[in-house]
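Here are a few notes to go through with the model open beside you. Take the points one by one and find each residue as you read.

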Amino acid sequence: MLYELARHEPLRTVAWDSDVARATIQAIVDETERQFDPVLGWPAHPRDRAEARATDPGLTPLYHGACGVVWALHYLQAQGGASLKADYIAYLDAARSRNQEWLGEVRDAAAASYLMGDTPFLMQQWANAADRSVLNDQLAHLIAGNREHPHRELMWGAPGTMLAAYFLYQHSGDPRWAKLYVQTAATLWSQLLWSDEFQCHYWTQDMYGRQSTYLDGVHGFVATACALIKGRKLLAPDDWQQWERCIVQTVSRTATEDGQGVNWRAHLVTPAGEQPRLLMQFCHGAPGFVICLGDLPAGPLDALMLRAGETLWQAGPLTKGANLCHGTGGNGYAFLKLYQRTGDAKWLERARAFAMHGIAQTAAERAQHGQGQYSLWTGDLGFAIYLWDCLTGEPRFPTLDVFFSGASEQATSPPVL
């Protein structure tokens, strides 16, 4: 079996309704604003932090805390998807200080982290600053200092800060960011390892007290591939051709196929004492592969990606809510990516079917827990952005495909470095 049946549930047969989608987005935004406390931030959800009390400060990272909530609220407003009653950018200073306290003893090593550290706080402040000189220096220091990070993955390591450098260059056209991007890519190339057993390249992640060989869409190979694909025009043509061959080879060699279906396991080499697992969610499995490879130029992986989409549709929505990282909304983004790549309307229809299912899931979760889940990657805010993308048909996975709103993408060609 290519996925675990118990992690999925039957798809609700609810017709797509754009008015309901728009109303759900605004309802999520309105509730999120009502729940804001200028001292505590937003309440943590039991799924994000067990035994959280109402008087506890909320979580703060981009991934599952206040930084991501601020980003999502202002992003939705900038896109025309919702209206805000307040501005939350000024809260980022206090939230970043609390985030540093939350990181504790790993604060210095983790400061640059794209999903957990200072970098996304500073990027939001950078976008809103009249004078960026100090923030430029702070961000450049974090990105440069993260190139040799032993995690070698998106959440904590160099691939995440390489993606940050790409977004900063895309928004500003400042060649310092392109240079940092290219330097980080060169470091990652030098760290690639070769597997004789699987005949492909891979990275190890020295993370959480052990060494892993993740392949997935957060900690693994394909998440790093996503950052490389996004910024491929900044690389020398010969360098990109090498990267493309590497990506195609590893993704092809690690696919698990069963009839017409396909999925990917979490690790290249399963850790000792564990059983190989095939999950079907963004962070582990085919949805993350399709999303992370969504902007790869047409080529030999096209057939695998289409088969992955069919397998995902067969599996159905996830039981763990509508969130992006391991829920129905994240999986739905794979359908939006396939719609973008193929122009086939069935993929948009499938994305919207998952959206309507996710709306019901979000309501049920709120009734069960007595609150919403105020986070970007793990909660309601990310799902609201997914609903907006189902309305527009544009698959822009939050903070992977887009970071800055408004007058972005000023840089359309690589600088002379």
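1. Start with Cys390, which is buried, as its relative accessibility is 0%. Keep in mind that this is a predicted model. Cys390 has no disulfide partner: the nearest cysteine sulfur belongs to Cys292 and sits 18 Å away. A disulfide needs the two sulfur atoms within 2.5 Å, so 18 Å rules this pair out.

2. How many disulfides does a search of the whole structure find? The result is zero. As a reminder, a disulfide is a covalent bond between the sulfur atoms of two cysteines.

3. Now try Cys283, which is in no disulfide either. Its nearest cysteine sulfur is that of Cys325, 3.8 Å away. The cut-off is 2.5 Å, so this pair doesn't count as a disulfide. Is Cys283 buried or exposed? Cys283 is buried, with a relative accessible area of 8%.

4. Next, have a look at Asp118. You'll find Asp118 in the loop between helix 4 (107-110) and helix 5 (119-127). Asp118 counts as buried because its relative accessible area is 7%, and the limit for buried is under 20%.

5. What does the side chain of Asp118 make a polar contact with? The partner is the side chain of Gln100, at 3.0 Å. Gln100 also appears among the residues in contact with Asp118 once neighbours within four places in sequence are left aside. The others on that list are Arg96, Ala111, Ser113 and Leu142.

6. On to the empty spaces. There are two cavities of 30 Å³ or more, and the largest holds about 80 Å³ of space. Its lining includes Arg47, Lys320, Glu365, Asp380 and Phe383. Two elements give two or more residues to this lining: helix 14 (345-369) and helix 15 (380-392). By class, the lining of the largest cavity has two nonpolar, six polar and four charged residues.

7. The second largest cavity has about 50 Å³ of space. Among the residues that line it are Trp42, Pro43, His45, Leu59, His64 and Tyr374. Here the lining splits into five nonpolar, five polar and one charged. One residue to look for twice is Gln373: Gln373 lines the largest cavity and also the second largest cavity.

Terms used
Residues are numbered from 1 along each chain as its sequence is written. This is a predicted model: local features need pLDDT of at least 70, side-chain atom pairs count only at pLDDT 80 or more; totals for chains, interfaces and linings use all residues. Side-chain values use heavy atoms; hydrogens and water are left out. On a 1 Å grid over the protein atoms alone, a cavity is a set of points where a 1.4 Å probe fits but cannot get out, and a pocket is an open set with protein on both sides within 12 Å along at least five of seven lines; lining residues have an atom within 4 Å of a point. Grid points are joined across faces, edges and corners, and a volume is the space filled by probe spheres set on the points. Helices (H or I, at least four residues) and strands (E, at least two) are DSSP runs, numbered from the N terminus. Ala, Val, Leu, Ile, Met, Phe, Trp, Tyr, Cys and Pro count as nonpolar, Asp, Glu, Lys and Arg as charged, and the others, Gly among them, as polar. Buried means under 20% relative accessible area, exposed over 50%, partly exposed in between (1.4 Å probe, protein chains only). A polar contact is a pair of N or O atoms within 3.5 Å; within protein, one must be able to donate a hydrogen and the other to accept it, and residues adjacent in sequence count only if both atoms are side-chain atoms. Contact means heavy atoms within 4.5 Å.
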